[in-house]
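Colleague: Before I rely on the labels attached to this model, I would like to hear the reasoning behind them, value by value.
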Amino acid sequence: METKIIAPSILAADFANLQRDVEMVNKSRAEWLHIDIMDGVFVPNISFGMPVLNAIQKHTDKFIDVHLMIVEPERYIEEFSKLGANMLTVHYEACTHLHRNLQAIKLHNMQAGVAINPHTNVELLRDTIQDIDMVCIMSVNPGFGGQHFIENTYAKIRQLKAIINEKDASTKIQIDGGITDKNAKDLITAGADVLVAGSFVFKSENPAQTIAELQSLVN
Ligand code: DX5
Ligand code: ZN
C-alpha cells in the first residue's frame, strides 16, 4: 500500500514565528506543507497571500500543497507555479470552467487538485476524475481552522473511492479540517490518502511529536 501523507496546515502556525514553525515541519516526519490561501470573498476570512508563500517557500523542501479558497482562481495559476507550489487545489464551487483550470495547472507543471465543500456531492466529479490528481474533501466549512469534523465525510470518501476505482483513475483523496488522532486512522481505512492537520498539530505541546504520532497512526 502507498504511504499515507500528513500535511500540517501552516494556517495554525504562529505567524510571528513562521520560520521557526516551518523549520519544525522540515525536521518532522510530515511529507507535505499545506498552505491555505483565503480571499475574504469565497470564504468569510482572509488568511495570507503571495508574499507569505514566497517567504515560506524559501525555507522548505517539503512538497508545497496550496489550497486556494478564492474566487476566479484561474487568474493566479501562473503566479502560484512561480512561487513553487507543487499541488494547486482550486474549489469546485469557484470554477465555471473546472476542466480548463485543471489543464492550465498541469501546463504550469503543478499537480491539479479540486476541493469540494461539505455540501458538494462527489458525483459532480465523475466526468473530470481522470484529470484530477487529488480531490480535497472538506470535512469542515472552509474559512477557519479549529472547527469540528463533519461525520458525513466518511460516506463521501467511500463514494469518491468507488468513482476513482470505477474510472481506473489514480486520484488521491485528501481530507481537510478537524483532523485529530481520533479520526485519522478511520479516515485512512475509509480510503483517504492525505490528511491535513492544523490546530491538532500546532496547538499541541510538541508539534513534531504530534506529526510523528499521526504518521504512525496512518501507516
Ligand atoms: C480550512 C482550511 C484547513 C485548516 C485546517 O478552511 O482549509 O486547511 O487549516 O485546520 P484544522 O486542522 O484546525 O481544522
Ligand atoms: Zn486547507
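Modeller: In this predicted model, the shell around ligand 1 draws at least two residues from each of β2 (32-38), β3 (63-69) and β8 (194-197), and β2 gives the most, with 3 residues.

Colleague: What makes Gly143, Gly146, Asp176, Gly198 and Ser199 stand out among the 20 residues around ligand 1?
Modeller: Of those 20 residues, these five come nearest to ligand 1. By class, the shell divides into 8 nonpolar, 10 polar and 2 charged residues.

Colleague: How do you know that the side chain of Ser199 makes a polar contact with ligand 1?
Modeller: The cut-off for a pair of N or O atoms is 3.5 Å, and an N or O atom in the Ser199 side chain is 2.4 Å from an oxygen atom of ligand 1, so the pair counts as a polar contact. Ser9 also qualifies, with a side-chain N or O atom 2.8 Å from a ligand oxygen, and so does Asp36, where a polar side-chain atom lies 2.8 Å from an oxygen atom of ligand 1. Taken alone, ligand 1 exposes 380 Å², of which the protein buries 98%.

Colleague: Where does ligand 1 sit?
Modeller: The largest pocket holds ligand 1.

Colleague: The structure holds 3 aromatic pairs; why is the one formed by Trp32 and Phe63 called stacked?
Modeller: Ring centres must lie within 6.5 Å and the planes under 30 degrees apart; for Trp32 and Phe63 the values are 4.3 Å and 25°, so the pair is stacked. Because Trp32 belongs to strand β2 and Phe63 to strand β3, the pair ties together parts that are 31 residues apart in sequence.

Conventions:
Residues numbered from 1 in each chain as written. Chains lettered and ligands numbered in written order. Predicted model: local features only at pLDDT ≥ 70, side-chain atom pairs only at ≥ 80, totals over all residues. Heavy atoms only, no water. Near = heavy atom within 4 Å. Polar contact = N/O pair within 3.5 Å; in protein donor to acceptor, adjacent residues only side chain to side chain. Areas by Shrake-Rupley, 256 points an atom, 1.4 Å probe, with all protein chains shown as cover. 1 Å grid on protein atoms, 1.4 Å probe; cavity = no way out; pocket = protein on both sides within 12 Å on 5 of 7 lines; lining within 4 Å. Sits in = over half its atoms within 2 Å of the grid points. Helix = DSSP H or I, 4+ residues; strand = E, 2+ residues; numbered from the N terminus. Nonpolar A, V, L, I, M, F, W, Y, C, P; charged D, E, K, R; others polar. Phe/Tyr/Trp six-rings, centres within 6.5 Å; stacked < 30°, edge-to-face > 60°.
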